[in-house]
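Colleague: Got a minute to walk me through this model? I'd like to go helix by helix, then look at the holes.

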Amino acid sequence: MVVTKTVSLLFAAAAAFLVAGNGAASAQDTLKIAVPQRGAWDTSITEIGNRVGIFKKHGVNAELLFTGGGAEALGAIIGQSIDAAVSVGISTVLGSFSKGAPVRVFSAETTGQPDIYWFVPAQSPIRSVADFKDKTIGYSVSGSSSHAALLALLAQEKITAKPTSTGGVTPSFTSGMTGQVDVAWTTIPIGLKEIDEGTIRAVAYASDVASLRNRTVRANITSARMVETRKAVLDRYMAAYRESIDYMYSSPDALAAFAEIANVPLGVAQTIPGRVPKSALSPDQIVGMDAIMAEAIATKFMSAPLTKEQIADLVRMPLPPK
């Protein structure tokens, strides 16, 4: 049985998981950043940028703590155990903010949903979403983008199933292959090699959900206190973040680094830029806020839309360079 780590356990053990970028950072500002689902393309931006010194160049020492899902980091941000979290499902951010949590969005993370999909072992009789009825269907953790995408997929197809938390990509893959859930979730590149080998079969994609297309699904978040007291550091982090995205879509060395991070063959890693367009990772605009709020209400992450004033308070994004 897979047990999802709790926030308290994750961050009590933070020292065991901290990854410092490029050694000691003299005269640099340190940011402790929670990163979910290590091995996904979008969550590798800071790690790859760290490896080649991009964040160091911008005066930022990014310390990375890897977690099972972005939603797990909310409590740590509120409690100031970490400074920021990347790749957090925007529905859970809206829900937490609407309940009074002092969280702020300082960047978009992913627009559209080109990466998450659901799979079954090759011998499974399940062939499509139509076969999901009354089955256990995996997602990472409550409030994550995979959770929101699954709820939206089931609502779109009018299917009654049993959404089941399976944790991060590694335990989820194990759950799917061992029959702990009928259908497991994952994110590219995880599973692409197995699909090619015929070991597993993809049966649904988050990109199939019409309501998720062309709108922001994940965001990078921090606390209100960080925005007020360390905005200049966040701005420098974002300058390095943008540069890291440019590097990932232009350098073969970035794909080699990603293959190592994701533990996939280089040939698989080299297909990712074609599967996840650079525009999907554009950090400078939250797209489709009205639709995002409507979906969050429909899937019970929040009870009412935010006012314009509340949205302005929540979204605190630095202007990109001209």
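Colleague: Which residues of α6 are buried?

Modeller: Keep in mind that this is a predicted model. The buried ones in α6 are Ser145, Ser146, His147, Ala148, Ala149, Leu150, Ala152, Leu153 and Leu154.

Colleague: What should the 13 residues of α6 span, and how far apart are its end C-alpha atoms?

Modeller: At 1.5 Å a residue, the expected span is 18 Å. The end C-alpha atoms are 18 Å apart, so the two agree.

Colleague: What does phi do just after α6?

Modeller: Lys158 sits just after the helix and has a positive phi, about 55°.

Colleague: Back to Ser145. Where is it placed, and is Ser145 buried or exposed?

Modeller: Ser145 belongs to helix α6, which covers residues 145–157. Its relative accessible area is 10%, and the cut-off for buried is under 20%. So Ser145 counts as buried.

Colleague: What does Ser145 touch, leaving out residues up to four places away in sequence?

Modeller: Gly89, Gln113, Ile116, Val217 and Arg218.

Colleague: Switching to holes. How many cavities of 30 Å³ or more are there?

Modeller: Four, from a search of the whole structure. The second largest has a volume of about 100 Å³.

Colleague: Which residues are closest to the centre of the second largest cavity?

Modeller: Ile90, Ser91, Ala148, Leu212 and Val217, out of 14 lining residues. The elements giving two or more residues to that lining are α5 (90–98), α6, β11 (216–223) and α14 (289–298).

Colleague: Which element gives the largest share of that lining?

Modeller: α6, with three residues.

Colleague: And how does the lining of the second largest cavity split by class?

Modeller: Six nonpolar, six polar and two charged residues.

Colleague: Tell me about Leu212. Where does it lie?

Modeller: Leu212 is in the loop between β10 (200–205) and β11. Its relative accessible area is 5%, so Leu212 is buried. Leaving aside neighbours within four places in sequence, Leu212 contacts Gly112, Gln113, Ala149, Ala206 and Val217.

Colleague: How far is Leu212 from Pro114, in sequence and in space?

Modeller: 98 residues apart in sequence, and 9.8 Å apart in space, C-alpha to C-alpha.

Colleague: What about Ser96 in α5: buried or exposed?

Modeller: Ser96 is in helix α5. It is buried, at 17% relative accessibility. Beyond its neighbours within four places in sequence, Ser96 is in contact with Leu74 and Ala101. Ser96 and Gly143 are 47 residues apart in sequence, with their C-alpha atoms 9.6 Å apart.

Colleague: Now the core. Which residues touch the most other members of the largest nonpolar core?

Modeller: Ile33, Trp41, Trp118, Phe132, Val183 and Tyr237, in a core of 72 residues. Helix α10 (residues 231–248) gives the most to this core, nine residues. Apart from this core lies another, of 29 residues, including Leu74, Ala85, Val105 and Met289.

Colleague: What does Phe132 touch, not counting residues up to four places away in sequence?

Modeller: Ile126, Ile137, Leu153, Leu154, Ile159, Thr160, Ala161, Val183, Val203 and Ala204.

Colleague: Any background on why nonpolar side chains end up together?

Modeller: In soluble globular proteins, nonpolar side chains tend to be buried together.

Colleague: Backbone oddities next. Which residues does a cis peptide bond join?

Modeller: Ile188 and Pro189, with omega about 15°. Pro189 is in the loop between β9 (184–187) and α8 (192–197).

Colleague: What is phi of Ser87, and of Asn263?

Modeller: Phi of Ser87 is near 60°, positive in a residue other than glycine. Phi of Asn263 is also near 60°.

Colleague: Where are they placed, and is each buried or exposed?

Modeller: Ser87 is in strand β4, residues 84–89. Ser87 counts as buried, at 7% relative accessibility. Asn263 lies in the loop between α11 (252–262) and α12 (266–269). At 70% relative accessibility, Asn263 counts as exposed.

Colleague: Last one, the whole protein. How many helices and strands?

Modeller: 15 helices and 11 strands. Of the 322 residues, 56% count as buried. Among contacts between residues at least 6 apart in sequence, 82% join residues at least 24 apart.

How values were computed
Residues are numbered from 1 along each chain as its sequence is written. This is a predicted model: local features need pLDDT of at least 70, side-chain atom pairs count only at pLDDT 80 or more; totals for chains, interfaces and linings use all residues. Side-chain values use heavy atoms; hydrogens and water are left out. A nonpolar core is a set of buried Ala, Val, Leu, Ile, Met, Phe, Trp, Tyr and Cys residues joined through side-chain atoms within 4.5 Å. Buried means under 20% relative accessible area, exposed over 50%, partly exposed in between (1.4 Å probe, protein chains only). Helices (H or I, at least four residues) and strands (E, at least two) are DSSP runs, numbered from the N terminus. Contact means heavy atoms within 4.5 Å. On a 1 Å grid over the protein atoms alone, a cavity is a set of points where a 1.4 Å probe fits but cannot get out, and a pocket is an open set with protein on both sides within 12 Å along at least five of seven lines; lining residues have an atom within 4 Å of a point. Grid points are joined across faces, edges and corners, and a volume is the space filled by probe spheres set on the points. Ala, Val, Leu, Ile, Met, Phe, Trp, Tyr, Cys and Pro count as nonpolar, Asp, Glu, Lys and Arg as charged, and the others, Gly among them, as polar. The expected span of a helix is 1.5 Å times one less than its number of residues.
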